[in-house]
Amino acid sequence: MHMSAHTHYQAELDAGRFCIQQCSQCQKHVFTPRELCPHCGASPLRWVRAGGMGTVYSTRTIHRKPEAGGNYNVAIIDLDEDVRMMSRVEDESPNAVFIGQRVQARVVQKEGRGLVVFQPVVEQGAAA
């Protein structure tokens, strides 16, 4: 039985792995999961582990009452592999997330399913 690209992507997340596709013809990375390369039309695409590093392209704070979980952000992240995805930045006040901020992905489990979220990158070289 053939597993769809979206099903494979979710299965990898459920196992704790953040994978994206890469074209074996033109070598460009592909996201969201699909059957054909949107750049050159080649198939099949292979699955590779995402590096997980990215930059906030846009961010928006969604306001919720505290009893509903409080405010959170929705962000568009440009991964270093030159693909863009929607997610959220955690471990920081939603209002503190900014365009151009460097972030790193991690896979979290929510209700038994894997989900990619991002956290701010701590600058290297800071005094310990």
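Student: Where does threonine 32 lie?
Tutor: Start with the terms: helices (H or I, at least four residues) and strands (E, at least two) are DSSP runs, numbered from the N terminus. Threonine 32 belongs to none of these strands here; its place is the loop between β2 (29–30) and β3 (45–49).

Student: What kind of model is this?
Tutor: Residues are numbered from 1 along each chain as its sequence is written, and side-chain values use heavy atoms, with hydrogens and water left out. Local features need pLDDT of at least 70, side-chain atom pairs count only at pLDDT 80 or more, and totals for chains, interfaces and linings use all residues; the model is predicted.

Student: Which residue does a cis peptide bond join to threonine 32?
Tutor: Most peptide bonds are trans. Here omega is about 10°, and the bond is cis. The partner of threonine 32 is phenylalanine 31.

Student: What is omega for the peptide bond from serine 43 to proline 44?
Tutor: Proline 44 is in the loop between β2 and β3. The bond from serine 43 to proline 44 is cis. Its omega is near -5°.

Student: In what order do the elements of the protein chain run?
Tutor: The secondary structure comes to one helix and eight strands. Read from the N terminus on, the order is α-β-β-β-β-β-β-β-β.

Student: What share of the residues in the protein chain is buried?
Tutor: Buried means under 20% relative accessible area, exposed over 50%, and partly exposed in between (1.4 Å probe, protein chains only). The chain has 128 residues. Buried residues make up 35%.

Student: Why does glutamine 21 count as buried?
Tutor: Glutamine 21 sits in strand β1 (residues 19–23). It counts as buried because its relative accessibility is 3%.

Student: Which residue has its backbone nitrogen 2.8 Å from a polar atom of the side chain of glutamine 21?
Tutor: Contact means heavy atoms within 4.5 Å. Leaving aside neighbours within four places in sequence, glutamine 21 is in contact with residues including Ala5, Pro33, Arg34 and Trp47. The backbone nitrogen in question belongs to arginine 34.

Student: How far apart in space are serine 4 and arginine 34, C-alpha to C-alpha?
Tutor: Serine 4 lies in the segment before α1. In sequence, serine 4 and arginine 34 are 30 residues apart. In space, C-alpha to C-alpha, the distance is 8.1 Å.

Student: Which residue's side chain makes a polar contact with the side chain of serine 4?
Tutor: A polar contact is a pair of N or O atoms within 3.5 Å; within protein, one must be able to donate a hydrogen and the other to accept it, and residues adjacent in sequence count only if both atoms are side-chain atoms. Serine 4 counts as partly exposed, at 32% relative accessibility. At 2.8 Å, the partner of its side chain is threonine 7.

Student: Which element gives the largest share of the largest nonpolar core?
Tutor: A nonpolar core is a set of buried Ala, Val, Leu, Ile, Met, Phe, Trp, Tyr and Cys residues joined through side-chain atoms within 4.5 Å. Of the 19 residues in the largest one, Phe18, Ile77, Met85, Val89, Val116 and Phe118 touch the most other members. At least two residues each come from α1 (5–14), β5 (72–79), β7 (102–110) and β8 (113–120). The largest share, three residues, comes from β5.

Student: How many residues does the other core have?
Tutor: It lies apart from the largest core. Cys23, Cys37, Ala42 and Leu45 are among its members. The number of residues is five.

Student: What is the relative accessible area of glutamate 111?
Tutor: Glutamate 111 is in the loop between β7 and β8. Its phi is near 55°, a positive value in a residue other than glycine. Glutamate 111 is exposed, with a relative accessible area of 78%.

Student: What is phi of aspartate 82?
Tutor: Most residues other than glycine have a negative phi. Aspartate 82 lies in the loop between β5 and β6. It counts as exposed, at 70% relative accessibility. Its phi is positive, near 70°.
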